[in-house]
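Let's take a walk through this protein together. Have a look at it first, and then we'll go piece by piece.

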Amino acid sequence: MDVFDELLRGVRGKGALFGRSVLWPPWSLRFTDGAYLTLCVPLCGEGWIIPEDGNGDGGRGGDGTARRVRVGEAAIVRGPAPFVFTDDPATGTGTGPGASVREVRWDAGPGNDPAPADELTGPTVLLAAAFDVHAEVPRRLLRVLPPVLVVPDEEDCSPLRDYLEAQIGRVRPGRQIVLDRLLDWLLVCTLRDWFDRPEAAPPMWYRALGDEVAGPALRAMHEEPAHPWTTAELAARAGVSRTTFAKRFTELVGEGPVAYLTEWRMTLAADLLSRQELTVAAVARRVGYADAFGFSAAFKRVRGVSPSAYRREPAVRGELDREAPAG
């Protein structure tokens with residue numbers, strides 16, 4: 001099983017909502033919809049992304065600097081704080097002379113796509129798409145992303161961008177569903193390239209997937225989370241002694257195999273609890289617990305609330321992460 005594929009399988013664009021803007025200077029777009037992730041792809045020209053600090057005062061987030069995005073690059077902005085995409089970082093927040101900021105909200109309807117389908121020429125043409133991520137499984141990887149990341153096109157993503165640009169200007173049956181899937185694909189392609197870059201800081205377990213000792217055990221736990229795994233059985237999968245396996249796994253992952261398995265099971269359980277047709281006992285069985293009592297105790301220990309409270313109160317689930325915890 002490809003763990004990266006498994007983690008991002010459920011990430012989809014925010015409905016069928018994406019925006020294409022032909023921009024003439026001076027211009028600034030302020031995105032205020034609070035999406036979990038926003039993909040920004042200049043089809044022509046370039047711009048600067050200025051993330052806000054979440055306090056609504058226009059302060060810059062992350063390392064305090066604006067990030068430049070050119071043609072041939074893709075940027076991903078992690079929400080929910082607003083951000084600005086502008087031609088001039090000195091005036092882009094609306095504070096300098098001649099500054100003018102247009103707000104963009106994905107729930108505002110078709111007005112977010114002001115350019116006619118056949119108009120794709122101008123100093124800057126920006127394609128943007130919003131992605132809401134409510135499931136805990138993909139968040140387990142995505143919450144470590146920086147406020148803004150910029151990735152140049154790699155060889156495997158360039159043809160996808162070219163095909164996407166060609167589809168935007170064509171009106172054919174199924175056009176919207178094709179665009180939606182292409183944008184999903186481009187997001188995952190960009191994330192994959194980012195995690196392969198030296199400046200990326202993925203969680204420890206993600207890097208450990210490539211290890212010859214820890215990797216087979218991690219993949220086994222992801223493939224069969226309900227299996228009653230023991231340290232000895234996982235060590236056998238890795239082809240090493242129990243002592244060697246436990247030491248190597250803990251060094252690379254930052255916790256022992258039993259603790260990792262428990263946390264992974266509770267991540268899966270959090271998503272299963274959103275399905276109202278499943279009882280707590282049914283969820284328990286799906287993640288390897290024989291009874292609801294043992295499962296509930298483990299879930300509360302890891303998540304801080306009982307399964308019933310987690311299911312009953314959406315606010316408990318933390319619909320959006322405002323900070324990225326250490327990996």
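**Starting among the strands**

A good place to begin is strand E4 (residues 46–51), which runs antiparallel to strand E5 (residues 67–70), the two being joined by 4 bridges. If you want a spot to anchor your eye, find glycine 47, which stands opposite valine 69 in E5. Keep in mind as you look that this is a predicted model.

E4 has another partner too: 4 bridges join it to E7, again in an antiparallel arrangement. Here the pair to look for is isoleucine 49, which sits opposite phenylalanine 85 in E7.

Now follow E7 (residues 83–86) across to strand E2 (residues 28–31), because these two strands also run antiparallel, with 4 bridges between them. Phenylalanine 31 faces phenylalanine 83 of E7 in this pairing. In a regular strand, side chains alternate between the two faces of the sheet. So which residues of E2 are covered, and on which side? Ser28 and Arg30 are buried on one side, while Leu29 and Phe31 are buried on the other, so both faces of the strand are covered.

Just before E7 there's a little oddity in the backbone. Glycine 79 and proline 80 are joined by a cis peptide bond, with omega at about 10°. Proline 80 belongs to the loop between strand E6 (73–78) and E7.

Back at E4, step into the loop that leads from E4 to E5, and you'll meet glutamate 52. Is glutamate 52 buried or exposed? Its relative accessible area is 7%, and since anything under 20% counts as buried, glutamate 52 is buried. What does its side chain touch? The side chain of glutamate 52 makes a polar contact, at 2.8 Å, with the side chain of arginine 30, one of the buried residues of E2.

**Into the cores**

Time to look at the nonpolar interior. The largest nonpolar core has 68 residues, and those with the most contacts inside it are Leu39, Leu142, Phe249 and Phe295. Helix H9 gives the most to this core, with 8 residues. Apart from it lies another core, this one of 15 residues, with Trp27, Phe31, Ile49 and Val150 among them. You've already met two of those names: Phe31 stands opposite phenylalanine 83, and Ile49 stands opposite phenylalanine 85.

Zoom in on phenylalanine 249 for a moment. Leaving out residues up to four places away in sequence, phenylalanine 249 touches Ala214, Ala217, Leu218, Met221, Gly254, Glu255, Gly256, Pro257 and Tyr260.

**Along helix H9**

H9 covers residues 257–272, which makes 16 residues, and spans 22 Å from its first C-alpha to its last, close to the 22 Å expected. Most of H9 is covered, with 13 of its 16 residues buried.

Leucine 272 is part of this helix. Its relative accessible area is 15%, which is under the 20% cut-off, so leucine 272 is buried. What is leucine 272 in contact with, beyond its neighbours within four places in sequence? The partners are Leu278, Val283, Arg286, Val287 and Arg311. Alanine 282 comes 10 residues along the chain from leucine 272, and their C-alpha atoms are 9.3 Å apart.

**Stepping back**

Now for the whole chain. The protein has 12 helices and 10 strands, and 47% of its 327 residues count as buried. Of the contacts between residues at least 6 apart in sequence, 76% join residues at least 24 apart. On the outside, the chain exposes about 15,000 Å², with carbon and sulfur atoms supplying 53% of it.

Methods:
Residues numbered from 1 in each chain as written. Predicted model: local features only at pLDDT ≥ 70, side-chain atom pairs only at ≥ 80, totals over all residues. Heavy atoms only, no water. Buried < 20%, exposed > 50% of the residue type's maximum accessible area, 1.4 Å probe, protein only. Contact = heavy atoms within 4.5 Å. Areas by Shrake-Rupley, 256 points an atom, 1.4 Å probe, with all protein chains shown as cover. Expected span 1.5 Å × (residues − 1). Core = buried A, V, L, I, M, F, W, Y, C linked by side-chain atoms within 4.5 Å. Polar contact = N/O pair within 3.5 Å; in protein donor to acceptor, adjacent residues only side chain to side chain.
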